[in-house]
Every structure is written in structure tokens, then in C-alpha cells.
Amino acid sequence: MGRMSDLTRIPAPDGVAPAAQYTHVVLGTGRFVAVSGQLALDEHGGLVGEGDPSAQARQVFENLRRCLAAAGATFDDVVKLTYFVTDMSHMPAIRTARAEHIPDDRLPAASAVQVAGLVRPEFLMEVEAFAVVPERAGSTGQAESIRP
């Protein structure tokens, strides 16, 4: 994994049942990054893994990684993931792909929503991410070029 972020995770606040696959509350101070829902598209816009939830999940998380990197962030900075799936049976594939990037002791807050469909019928899932990147003196990267 990368650097450790300055995030606080509260797995189960008083009076709230613990969750196995996400953290109930994640908070931090820094620059907010919102990554739009990512689909299983390669860099040329081609579908990866038609009919294969595992292949689609791996591509979705690779796309999330690339988008986070463009903002100077890593999965260590992610505070919230939202999963949109056409069938809840795809969640194990998503969890497996997520585990390649985020260890169980640093799970973000999360929501999973089953939807009737996505932008095209061949997509099985879409995942969006919110991150909080600690401000660092002299930081550089692609994100610097988009600041006003």
C-alpha cells in the first residue's frame, strides 16, 4: 500500500452494529476529491469482461486507482465508496477486487445499491469514490494543473 493518510476511522460508533465490509464513519482534514462512477472500460473505451463480474470489478478498481492518482490521491485517502450493481450477487467480486487495493483494517465508508440498469446493459457495476487528501507543502502532480 502507499502512504498512510491522516484519516480517522470509527468502525462501529456506540449503539451501531459493527459492519464486516465497511467502516461506518471516516473523517479527515484536507483536499476533497470526488471520482465519478467508474465502469469496466479500458483506456480506449472498450468493455473489459463482458458478462464477467470479476474482470469488470478489477477494471473498475484500476480505473479508480488511475483517477485517484490524477488527483494526487491513493486508495489510502478514500473515505467513501458507492457501489451501483445490477445484481447483488456481484458484490463478492467487487470485494475481492477492492481487497487488492484496500486492506480490511482501512475500509472506507460504503453504500451498495442494486439498480435496474447502468448506462449500457453490458455493464454490471459502477463504483464512485470520495477521498480526502492531506494538504502537503510543495505537493506536485496532475491535480496542481487544474487548480484555479
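Two residues are said to be in contact when they have heavy atoms within 4.5 Å of each other. With that in hand, the predicted model can be read from its overall layout down to single side chains.

The secondary structure of the protein consists of 2 helices and 6 strands, and along the sequence these follow the order β-β-β-α-β-α-β-β. Of the 148 residues, 39% are buried. The accessible surface amounts to about 7800 Å², with 54% of that area belonging to carbon and sulfur atoms. Contacts often link distant parts of the chain: among those with a separation of 6 or more, 74% join residues 24 or more positions apart.

Helix α1 is a good place to begin a closer look. The helix has 18 residues and spans 26 Å from its first C-alpha to its last, close to the 26 Å expected at 1.5 Å a residue. At its N-terminal end, Asp52 acts as a cap, with a side-chain oxygen 3.0 Å from the backbone nitrogen of Ser54. Just beyond the helix, Gly72 adopts a positive phi of about 75°. The buried residues of α1 include Ala55, Ala57, Val60, Phe61, Leu64 and Leu68, and the buried residues of this helix pack against β3, β4, α2 and β6.

Two glutamines of α1 deserve a visit of their own. Gln59, which lies in this helix, has a relative accessible area of 15%; that is under the 20% limit, so Gln59 counts as buried. Beyond residues up to four places away in sequence, Gln59 touches Ala40, Leu41, Asp42 and Val48. A polar atom of the Gln59 side chain lies 3.2 Å from the backbone oxygen of Leu41. Gln56, also placed in α1, is buried at 0% relative accessibility. With the same sequence neighbours left out, the contacts of Gln56 include Ala40, Leu47 and Val48, as well as Glu122, Phe123, Leu124 and Met125. Gln56 and Phe123 are 67 residues apart along the chain, yet their C-alpha atoms are separated by 8.0 Å.

The nonpolar interior comes next. In soluble globular proteins, nonpolar side chains tend to be buried together. Here the largest nonpolar core contains 27 residues, and Phe61, Leu64, Leu81, Tyr83 and Ile94 have the most contacts inside it. Two or more residues of this core come from each of β3, α1, β4 (78–85), α2 (91–99) and β6. A separate core of 5 residues has Val26, Val79, Ala109 and Val132 among its members. Leu81 reaches widely along the sequence: setting aside neighbours within four places, its contacts include Phe61, Arg98, Ile102, Pro108, Val127 and Ala129.

Aromatic rings add a further link. The whole structure holds 2 aromatic pairs. In one of them, formed by Phe32 and Phe130, the ring centres are 5.5 Å apart and the planes meet at 45°, so the pair is tilted. Because Phe32 belongs to strand β3 (residues 31–38) and Phe130 to strand β6 (residues 125–133), this pair ties together parts that are 98 residues apart in sequence. As for solvent, Phe32 is exposed, with a relative accessible area of 54%, whereas Phe130 is partly exposed at 28%.

Technical notes
Residues are numbered from 1 along each chain as its sequence is written. This is a predicted model: local features need pLDDT of at least 70, side-chain atom pairs count only at pLDDT 80 or more; totals for chains, interfaces and linings use all residues. Side-chain values use heavy atoms; hydrogens and water are left out. Rings of Phe, Tyr and Trp (its six-membered ring) pair if their centres lie within 6.5 Å; planes under 30 degrees apart count as stacked, over 60 as edge-to-face and the rest as tilted. Helices (H or I, at least four residues) and strands (E, at least two) are DSSP runs, numbered from the N terminus. Buried means under 20% relative accessible area, exposed over 50%, partly exposed in between (1.4 Å probe, protein chains only). A nonpolar core is a set of buried Ala, Val, Leu, Ile, Met, Phe, Trp, Tyr and Cys residues joined through side-chain atoms within 4.5 Å. A polar contact is a pair of N or O atoms within 3.5 Å; within protein, one must be able to donate a hydrogen and the other to accept it, and residues adjacent in sequence count only if both atoms are side-chain atoms. The expected span of a helix is 1.5 Å times one less than its number of residues. Accessible areas come from the Shrake-Rupley method with a 1.4 Å probe; for residues, only the protein chains shown count as cover.
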